[in-house]
Amino acid sequence: MTAVRSSTPAIPLSRTPSPGRTAEGGWHRTLRRFRRNPLSVLGALIVAFFVLVALLAPFLAHPTERNPFMIPHTGYASDPHPPGPGHPFGTTEEQFDLYYGVVWGTRTAFVVALSVVATAVAVALVLGSISGYYGGPLDELVMRVTDIFLAFPGLILAVVIVAVLGQSVRNAVIAIAVVEWPSYTRLLRGEFLRVRDMEYVQAAQALGGGDLHIITRHVIPNTIYPMLILASLNMGGIVITFAALSFLGLGAPIGYADWGQLISLSHNWIVGTAGDPFTFWYTLIVPGTAIFLFVLGWNLLGDAFRDVFDPRLQGSR
Amino acid sequence: MRTVTWIKRAAVLAVTVAVITSLGAPTVRGAGEAVKNPDTFVELQFGDVVSLDPALAYDIYSSEPIWPNVYETLIMYSGSSLDKFQPMLATEVPSLANRLISADGLTYTFPIRKGVHFHDGSVMTPGDAVYSIRRFLLQDQAGGPAWLLLSPLLGVDSTRDDSGKIQIAFADVARAVSAQGDNVVFRLKKPFAPFLTIVAAWTFVMPRAWAVAHGDWDGDPGTWQRYNNPKTEDRYAFDHMNGTGPFTLERWDRQAKEVTLARHDGYWRRPASLQRVVVRSVPEFATRRLALQQGDADLVVASLNQRSQLLGLPGTVVQDNLPQIAVQTLQFNFKINTEANPDVGSGRLDGGGIPSDFFADVHVRRGFAYAFDYAGNLGGAYAGKGVIPHGPIVQGLLGFDPTVPVYTTSREKAVAEFKEAMGGKLWETGFKFTIPYTAGNTARQTGAQIVKDTVGALNPKFQIEFRPVPSSTLISLLLAHKGTMYFLGWFADYPDPHDFAQPFLSANGYFPVRSGYRNPEADRLVDAAVGTADPAKRKALYKQLSMISYNDLPCLFLIQPVTYYTMRSWVHGWYYNPIFWGQYFYTLSKR
């Protein structure tokens, strides 16, 4: 029934089979493999929960400030107050509401993690592709540059960059992205080296496909999964790095809904009062739990992605 | 690759739980328990030293080691008293009765003690005292302490005039301070009743030979101008000390922000009980508190809003509600140095910064004054421990007047002022700047938060940030005119209203030198008030000055707070005098 246009000059390049999709029916099998591991499900549930909290933030915690990311606070009394009516999670130093901070902090966490991942992946796609596909001096140059970046301890490099750029959420995101891109680039370049000599790529080249076409249509779709695994495993790590920057006073400003900022506000109260080190437990436990769960969720999900997508593990389960 | 991380995380968690649990274990160090480091006294606070030169240092953190611990004065306040004195390097306290004050109140004679040794072993002479006091007068760094003695002795508050040219003659200085036999004689310009209170805290003595040997002024009438208005680090005495006090400087570690003093065994009185004193800057409150709790620190300084966490620690005592002759202020810089200044944004009135003369506009200042939440600051930053001042003259001083109006929080008035500011443009363009505040001073952090919140709530284009900087950095920043708006306290140099009127309102005063505020009428009144003997007339002049301060609004007077110190109960011999900038370690012992 279908009329085949016989005279088309365009090369009808067939879609190459992706490693994750087999004849059995890709997504069905993926889902089954995913469900087989209860930890994967737990991870997915935790992440889904945070996604919901982030999406519903305006309903869960109604913003009163002009900038919804600024945590409302009543008065300037320094001592934190325990959970109670009006403040379900209590208040931290200077009466910032912990519940509000945790809810809107979820948005901050996603914004930061996704921005960093997106930036790092974008840089990797450009530099990693060029480097891996063409090789030679260009590859050498890009790889030595990544070496230079990887030679610095990540957090220290991020601290230096924020210190130079000035304190703000945006600058912290830039700093973390600068720290993260080399590992993505190297990974993608490695995958490119593996894939670029495969028969289907050679076939595409033989058929006269342009470099851009081959990279975007044939190589990247077959090298992107390890990147996604790395990115999902990295989501938690990025949030922790950002929290560390905020804790050091280099990330979000005081009063900004960010978990690291909330922990920073608790640092004067961690030791409690005389005889009771747990007097102000909620100042630390509440934002700490949020970070813990977020990181746990993404790590479990990342592990699950790896199990499902990584072709090298296919035979093992 | 993740399993290792998980094991690591589990280990970190276990260690954290163990540490937190151990904190909960009773750490009672009551009576009967051994005193930790019985010969060494450790004080932790959040400020750090700018200079150790007694003729230049003019902040409480620098002054703590200087006086009366390493350098001493001719006489000193007796115990906690502010009007009784005890002889120190002089053998008698001058009075009309002992005829050491002349009948006309212009000449003060101090018989100098014999057999007092400096830390380098040399013997103190009246010549050393005269040299040191002349050096104090003539070195005169801009915005430094020299005015304290220049004012009563020479009738000026700076060695330089407005254009920066030298305006005093050495002969006048030589006449004002001289050695006569075994005495040091001061000749005042006009009778000035509080003169002894200045001598009691500002006549530090160092050996002339030591100073000269290390490149300082040699006391020569012809060369002093070369040593006038130095940079902070210019002199050998900047980081070396050689006084007569009970302690010698062992080490000033500028990196660690720590000063270590060692006992001076050749002290002219009985040597101190403590062998060593360590004063360290630890901005992190929790660290300070844990060190005190574990007995690693003997005394900690903390903001009033941390007080609740220091009350009732086992084995410690809180010396609470100590009155201060002090005022905490929020300063405006009228002429901001915008060059390489990270706090002014774009440095222009374009919504992304502030121009150099931003705070020179009285409507801007009034806008801030009406926006500020004074009650929130008193309750939140100072735990309610203080009173809101009526202008520069604080409670307890002659000239304090509760009828002087104060600014109160009013959103409408603040909006009205900001709408008038910068020729009406400010409301449309908005502004952005950063307030630097002393790291570790949580009271000032709260104050900055209040400014940010209250002013930011008026107009979304009003953006204010704040950032912590070490106290020594803040002091240098202000001297370079780079402060935008900043919190600074003023502690009495001596208990007299002149010490509050001049620093706040006189062109050569501490704050105007840094902020650029000028009002010739205020200058005139300050001079008139200090030269007036009749208390009633003086009081009236200070009221006029307080009104100028209200109308011109060179700064906001936020609070006259009380203070407190928390120390281990094994500390004995501690006493408080509101004039002390820190602790007097001589009388302290640990047992």
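Which residues of α6(A) are exposed? Select I156(A), A163(A) and V164(A): these are exposed and sit on the other side of the helix from its buried residues. Keep in mind throughout that this is a predicted model.

**Stop 1: helix α6 of chain A**

Select residues 154-165 of chain A. This is helix α6, with 12 residues. From its first C-alpha to its last it reaches 17 Å, close to the 16 Å expected at 1.5 Å a residue.

Now colour L157(A), A158(A), I161(A) and V162(A). These residues of α6(A) are buried. Turn the view until you look down the axis of α6(A). The buried residues fall within an arc of 130°, so they line one face of the helix. The spacing has a simple background. An α-helix has 3.6 residues a turn, so residues three or four places apart point the same way.

What do the buried residues of α6(A) pack against? Show three helices of chain A: α5 (136-151), α7 (169-195) and α9 (211-247). The buried residues of α6(A) pack against these.

Step just past the end of α6(A) to G166(A). Here phi is positive, at about 105°.

**Stop 2: backbone oddities**

Most residues other than glycine have a negative phi, and most peptide bonds are trans. The next selections depart from that pattern.

Stay in chain A and pick Q95(A). Its phi is positive, about 65°, although Q95(A) is not a glycine. Find Q95(A) in the loop between α3 (57-60) and α4 (98-134) of chain A. Is Q95(A) buried or exposed? Its relative accessibility is 6%, so Q95(A) counts as buried.

Move to chain B and pick H481(B). This residue is not a glycine either, and its phi is positive at about 60°. H481(B) lies in the loop between α14 (471-479) and β16 (485-491) of chain B. With a relative accessible area of 31%, H481(B) is partly exposed.

Next, select W67(B) and P68(B). The peptide bond from W67(B) to P68(B) is cis, with omega near -5°. P68(B) is found in helix α2 of chain B.

**Stop 3: E72 of chain B**

Follow chain B out of that helix. E72(B) is in the loop between α2 (60-70) and β2 (75-77). E72(B) is buried yet has no salt bridge. Which side chain of opposite charge is nearest to E72(B)? Show R269(B): it is 4.2 Å away. A salt bridge needs a side-chain nitrogen within 4 Å of a carboxyl oxygen, so the pair does not count as one.

Now display polar contacts from the side chain of E72(B). One goes to the side chain of T244(B), at 3.0 Å. Another goes to the side chain of W268(B), at 2.8 Å. Then expand the selection to the wider surroundings. Leaving out residues up to four places away in sequence, E72(B) touches several others, including M88(B), L89(B), F204(B), P246(B) and Y267(B).

**Stop 4: salt bridges**

How many salt bridges does a search of the whole structure find? The total is 28 over all chains. Visit a few.

Start in chain A with D303(A) and R306(A). They form a salt bridge, the closest N and O atoms being 3.5 Å apart. Both belong to helix α11 (residues 281-309) of chain A; being three residues apart, they are separated by about one helical turn. D303(A) is buried, with a relative accessible area of 17%. R306(A), at 24%, counts as partly exposed.

Switch to chain B and select D140(B) and R160(B). Their side chains meet in a salt bridge at 3.7 Å, N to O. This pair links distant parts of the chain, 20 residues apart. D140(B) is in the loop between α3 (126-139) and α4 (147-154), and R160(B) is in the loop between α4 and α5 (170-176). Both D140(B) and R160(B) are buried.

Then take D401(B) and K543(B), whose side chains meet in a salt bridge at 3.5 Å, N to O. Here the partners are 142 residues apart. D401(B) lies in the loop between β13 (386-387) and α11 (411-420), while K543(B) is in helix α18 (residues 535-552) of chain B. D401(B) counts as buried at 13% relative accessibility. K543(B), at 29%, counts as partly exposed.

Finish in chain A. Select E140(A), R144(A), D147(A) and R186(A): salt bridges that share partners join them into one network.

How values were computed. Residues are numbered from 1 along each chain as its sequence is written. Chains are lettered from A and ligands numbered from 1 in the order in which they are written. This is a predicted model: local features need pLDDT of at least 70, side-chain atom pairs count only at pLDDT 80 or more; totals for chains, interfaces and linings use all residues. Side-chain values use heavy atoms; hydrogens and water are left out. Helices (H or I, at least four residues) and strands (E, at least two) are DSSP runs, numbered from the N terminus. The expected span of a helix is 1.5 Å times one less than its number of residues. Buried means under 20% relative accessible area, exposed over 50%, partly exposed in between (1.4 Å probe, protein chains only). The arc is that of the directions from the helix axis to the C-beta atoms. Contact means heavy atoms within 4.5 Å. Lys and Arg count as positive and Asp and Glu as negative; His and the chain ends are not counted. A polar contact is a pair of N or O atoms within 3.5 Å; within protein, one must be able to donate a hydrogen and the other to accept it, and residues adjacent in sequence count only if both atoms are side-chain atoms.
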